[in-house]
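Here is a short set of exercises to work through with the structure open beside you. Try each task before reading its solution.

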Amino acid sequence: RLANAVTPLWKLPYQEQLQVKYESQRKILQTLASRLEELGIDAQKPGGLCCPLQPVVPSPIINGYRNKSTFSVNRGPDGNPKTVGLYVGTGRERNIVCVKANHVENIPSKHKQVAQCYEEFICHSPLDSCILFHEGGHWRELVVRTTSCGHTMAIVTFHPQQLGQEALATQKALLREFFTCGPGAVCALTSLYFQESTMTRCSHEQSPYQLLHGAPHIFEELLGLKFRISPDAFFQVNTSGAEVLYQAVGELCQATGDTVILDICCGTGTIGLSLAHRVSKVIGVEVVEKAIEDAVWNAAFNGISNCEFHSGKAEAVLPQLLASWEDARPLVAVLNPSRAGLHYRVVRAIRNCSSIRRLLYISCKPEGEAMRNFLELCCPPDPRKKLAGEPFAPVLAIPFDMFPHTVHCELVLLFTR
């Protein structure tokens with residue numbers, strides 16, 4: 001049941017998985033074409049699509065490709081409240097259980113090993129797991145990040161409840177001892193972090209990540225560059241797949257020596273830095289402060305001097321950046337937002353900047369909020385919404401299989417005007 005929930009295509013041969021994903025992307029482009037028609041835009045191309053769709057680009061690695069896994073702590077099928085795994089079931093049916101992920105094919109063995117050790121540690125702890133915040137308990141999520149350089153970072157989330165500083169210090173010491181000198185030493189962690197959190201999700205600014213052991217960062221190599229990764233920095237979950245994706249993005253940008261790349265939601269700067277050698281300048285914008293610190297370090301470490309990075313919400317940074325844009329160099333926008341999509345003010349700033357003639361939108365959920373952004377990019381000008389700029393049009397779609405065994409794809413949509 002867990003394999004079916006987390007990796008629903010796992011039983012299919014890989015070529016069939018790619019075909020299933022191609023059909024789902026085709027339906028998304030048909031939906032976009034229909035929605036554009038409703039706006040009075042003639043967008044119907046052969047097959048009812050809004051633009052040509054290329055075959056799904058396969059992932060170089062099919063099993064164990066994830067470089068980041070998030071494990072929950074909850075009751076297992078046997079009733080053990082300290083099971084470390086992934087959820088099966090629904091809240092509506094009240095049949096949610098936490099199942100060990102040992103057999104899930106997209107999670108690497110190193111992640112499973114750390115999860116097993118964490119479960120062993122909390123099972124021997126006198127403190128309860130935190131299943132419902134208001135019912136007490138302490139031990140919560142585990143995040144494991146690994147890199148092709150052999151680095152492993154573990155981040156333990158802990159609800160402090162009413163514990164004092166001395167009691168907290170004791171728990172941190174026990175956790176560190178377990179993973180450095182005890183049974184957990186087999187995991188050979190590069191970094192062990194601890195975060196006290198009274199919320200479901202907590203940023204570093206809200207509650208700092210506390211380094212209990214090892215190095216503050218892990219490092220990844222991608223397209224000949226070295227990248228530093230902080231605990232909460234975004235990095236594509238499939239590293240070898242990301243290399244294929246970023247190479248394609250570079251080609252689709254049609255960047256020349258005088259091009260400026262606008263890298264929106266840039267994370268640790270991977271896309272912009274991988275393109276920096278072929279363009280005049282890269283401008284990155286990212287809301288996660290630590291990711292921007294990583295991006296600045298990554299640029300300096302790799303000897304790249306034509307990149308500048310801005311920390312803050314894209315809807316606050318970008319309108320200011322583009323309102324006074326007078327640079328004559330061609331400007332290409334690369335957008336790689338989370339599933340929540342982009343704020344309307346970001347789209348409006350891009351539309352109203354006449355220097356941007358070419359735009360790449362990378363989406364892991366194009367049927368979700370990204371669809372709203374696609375329509376905002378392509379709709380006719382609307383003075384009521386202060387949308388004066390000429391509309392974009394979709395000209396090419398390429399899906400990348402960044403998530404084998406799942407139904408998800410990373411869709412790259414090229415827009416021009």
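**Exercise 1. In this predicted model, decide whether cysteine 364 is buried or exposed, then describe its surroundings.**

Step 1. Start with the accessibility. Buried means under 20% relative accessible area, and cysteine 364 has 19%, so cysteine 364 counts as buried.

Step 2. Find its place along the chain. Cysteine 364 sits in the loop that joins strand S14 (356-363) to helix H10 (369-378).

Step 3. List its contacts. Setting aside residues up to four places away in sequence, cysteine 364 touches Arg339, Phe403, Cys409 and Glu410.

Step 4. Check the record. An unreviewed UniProt entry lists Cys364 under "active site", an annotation that may be inferred rather than shown by experiment.

**Exercise 2. Work out how helix H9 is covered.**

Step 1. Count the buried residues. H9 runs over residues 344-351, and 6 of its 8 residues are buried, which leaves the helix mostly covered.

Step 2. Name them. The buried residues of H9 are Tyr344, Val346, Val347, Ala349, Ile350 and Arg351.

Step 3. Look for the cover. It includes helix H8 (314-323), strand S13 (331-335), S14 and H10. You met S14 and H10 in the first exercise, on either side of the loop that holds cysteine 364.

**Exercise 3. Which residues does phenylalanine 415 touch, and is it buried or exposed?**

Step 1. Locate it. Phenylalanine 415 belongs to strand S16, which covers residues 410-416.

Step 2. Read its accessibility. The value is 0%, so phenylalanine 415 is buried.

Step 3. Collect its contacts. Not counting residues up to four places away in sequence, phenylalanine 415 touches Arg357, Arg358, Leu359, Tyr361, Phe374, Leu377, Cys378, Phe392, Ala393 and Pro394.

Step 4. Add a distance. Asparagine 298 is 117 residues from phenylalanine 415 along the chain, and the C-alpha atoms of the two are separated by 29 Å.

**Exercise 4. Compare that distance with the one between histidine 405 and asparagine 106.**

Step 1. Find histidine 405. It lies in the loop between strand S15 (393-400) and S16.

Step 2. Classify it. With a relative accessibility of 4%, histidine 405 counts as buried.

Step 3. Take the distance. Histidine 405 and asparagine 106 are 299 residues apart along the chain, yet their C-alpha atoms are separated by 7.2 Å. For phenylalanine 415 and asparagine 298 the values were 117 residues and 29 Å.

Step 4. See what histidine 405 touches. Leaving aside neighbours within four places in sequence, its contacts are Thr7, Pro8, Leu9, Trp10, Gln17, Ile62, Asn63 and Glu105.

**Exercise 5. Where do glutamine 161 and alanine 188 lie, and what is the sign of phi in each?**

Step 1. Place glutamine 161. It is in the loop between strand S5 (152-158) and helix H4 (165-180).

Step 2. Place alanine 188. This residue lies in the loop between H4 and strand S6 (191-196).

Step 3. Read the angles. Phi is positive at glutamine 161, about 45 degrees, although this residue is not a glycine. Alanine 188, also a residue other than glycine, has a positive phi near 50 degrees.

Step 4. Turn to accessibility. Glutamine 161, at 23%, counts as partly exposed, while alanine 188 is exposed at 52%.

**Exercise 6. Describe serine 230 and its contacts.**

Step 1. Serine 230 is in the loop between strand S9 (225-229) and helix H5 (239-253).

Step 2. Its relative accessibility is 2%, so serine 230 counts as buried.

Step 3. Beyond residues up to four places away in sequence, serine 230 touches Arg145, Met153, His217, Lys290 and Asp294.

**Exercise 7. Put together a picture of the whole chain.**

Step 1. Count the elements. The chain contains 10 helices and 16 strands.

Step 2. Test how compact the chain is. Its radius of gyration is 23 Å, close to the 22 Å given by the globule rule for 417 residues, so the chain is as compact as a globular protein of that length.

Step 3. Consider burial. Of the 417 residues, 54% are buried.

Step 4. Consider the contacts. Among those with a separation of 6 or more, 65% are between residues 24 or more positions apart.

How values were computed: Residues numbered from 1 in each chain as written. Predicted model: local features only at pLDDT ≥ 70, side-chain atom pairs only at ≥ 80, totals over all residues. Heavy atoms only, no water. Helix = DSSP H or I, 4+ residues; strand = E, 2+ residues; numbered from the N terminus. Buried < 20%, exposed > 50% of the residue type's maximum accessible area, 1.4 Å probe, protein only. Contact = heavy atoms within 4.5 Å. Rg over C-alpha atoms; globule rule 2.2 N^0.38 Å.
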